[in-house]
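This briefing goes through a structure by topic. The sequence and the structure come first, and the notes follow.

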Amino acid sequence: MTKSDLNLKNDSSNTPCHSRKIPLWLVLLDNIPTIFLFILGFLIINIISTVAAILFAIYTVVSVVWFWARICPYCHHFETYACPCGYGIISSKLFSRKDSSLFKKVFKRNILIVFPNWFIPFFVGIYLLITQYSVKVLVLMIIFSIIGFLIIPLISKFVGCKNCEIKEDCPWMTLNKQHSC
Ligand code: SF4
């Protein structure tokens, strides 16, 4: 038994949700809107610059890999099928488990890496609506905003994270609670 197995066992005894296996439909529900969001972001930025759009696409991939490397290894769901989006399993194939007691601290320090995936296309879209309005930009922006600022947060709140038994320890859920209450 490896050190990581022992850690997993110890963590599992504290967090019974580890025995849960998130169904595939829920993993897809968590990931498909995000992939759509990245594609829409690419299309919006591509209106002003293809090079910038390609850089954005590279950034989205880097930010996700960063998330796998710097956040997931500290999570109680690392290396388990209890992770709602499947990152916990993918991350464990690439990186080794870290001290889960540092999860909150690490999460807060690294979560900003994903914010540009939402806000760069959004602000580029606002700029385009002001400077070179077109129906195409408007439609892209409406779909982008609905997916990014409505559908993805709602899926997290009411499906993906809803039944997570460690959500009280999750800074993301605590953050949402602070803003929604
Ligand atoms: S629950 Fe979040 S932090 Fe934990 S393994 Fe899954 S994606 Fe990573």
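Isoleucine 147 is buried, because 20 other C-beta atoms lie within 10 Å of its own (buried means 20 or more such atoms, exposed 12 or fewer, and partly exposed in between, with C-beta atoms placed from the backbone). This is a predicted model, in which local features need pLDDT of at least 70 and side-chain atom pairs count only at pLDDT 80 or more, while totals for chains, interfaces and linings use all residues. Residues are numbered from 1 along each chain as its sequence is written.

**Isoleucine 147**

- Isoleucine 147 is placed in helix α7, which covers residues 135-160 (helices are DSSP runs of H or I with at least four residues, strands are runs of E with at least two, and both are numbered from the N terminus).
- Leaving aside residues up to four places away in sequence, isoleucine 147 touches Pro33, Phe36, Leu37, Leu40 and Ile152 (two residues are in contact if their C-beta atoms, placed from the backbone, lie within 7 Å).
- Isoleucine 147 and phenylalanine 36 are 111 residues apart along the chain, and their C-alpha atoms are separated by 8.0 Å.

**Overall make-up**

- The protein has eight helices and zero strands, and its pattern along the sequence is α-α-α-α-α-α-α-α.
- Of its 181 residues, 25% count as buried.
- Among contacts with a separation of 6 or more, 68% are between residues 24 or more positions apart.

**Packing of α2 with α3**

- Two packed helices are described by the angle between their axes and the distance between the axes.
- Helix α2 (residues 24-46) packs with helix α3 (residues 50-70) at an angle of about 160 degrees, and the axes are 7 Å apart (axes are lines fitted to C-alpha atoms, for helices over the stretch in contact, and angles run from 0 to 180 degrees between N-to-C directions).
- The helices α2 and α3 are therefore roughly antiparallel to each other (angles over 145 degrees count as roughly antiparallel, under 35 as roughly parallel, 65 to 115 as roughly perpendicular and the rest as oblique).
- The crossing of α2 and α3 is right-handed (the near helix is turned clockwise from the far one by less than a right angle; anticlockwise would be left-handed).
- On the α2 side the contact is made by Phe38, Gly41, Phe42, Ile45 and Asn46, and on the α3 side by Thr50, Ala52, Ala53, Phe56, Ala57 and Thr60.
- By class, this contact of α2 with α3 has seven nonpolar, four polar and no charged residues (Ala, Val, Leu, Ile, Met, Phe, Trp, Tyr, Cys and Pro count as nonpolar, Asp, Glu, Lys and Arg as charged, and the others, Gly among them, as polar).

**Packing of α2 with α6**

- The axes of α2 and helix α6 (residues 115-131) come within 9 Å and cross at roughly 35 degrees, and this crossing is left-handed.
- Phe38, Leu40, Gly41, Ile44 and Ile45 of α2 meet Asn117, Pro121, Val124 and Gly125 of α6.
- The contact of α2 with α6 divides into six nonpolar, three polar and no charged residues.

**Around the ligand**

- The ligand is surrounded by Ile71, Cys72, Cys75, His77, Phe78, Cys83, Cys85, Tyr87 and Gly88 (a residue is near a molecule if its C-beta atom, placed from the backbone, lies within 6 Å of it).
- This shell has seven nonpolar, two polar and no charged residues.

**The loop between α3 and α4**

- Glutamate 79 lies in the loop between α3 and α4 (87-94) and counts as buried, with 23 C-beta neighbours inside 10 Å.
- Most residues other than glycine have a negative phi.
- The phi of glutamate 79 is near 70 degrees, a positive value in a residue other than glycine.
- Tyrosine 74 is in the loop between α3 and α4 and counts as partly exposed, with 19 C-beta neighbours inside 10 Å.
- Not counting residues up to four places away in sequence, tyrosine 74 touches Lys98, Asp99, Ser100, Leu102, Phe103 and Val106.
- Tyrosine 74 and serine 101 are 27 residues apart in sequence and 7.5 Å apart in space, C-alpha to C-alpha.

**Arginine 97 and alanine 69**

- Arginine 97 lies in the loop between α4 and α5 (103-110) and counts as buried, with 20 C-beta neighbours inside 10 Å.
- The C-alpha atoms of arginine 97 and tyrosine 74 are separated by 6.5 Å, with their positions 23 residues apart along the chain.
- Alanine 69 lies in helix α3 and is partly exposed, with 14 other C-beta atoms within 10 Å.
- Alanine 69 and arginine 97 are 28 residues apart in sequence and 9.7 Å apart in space, C-alpha to C-alpha.
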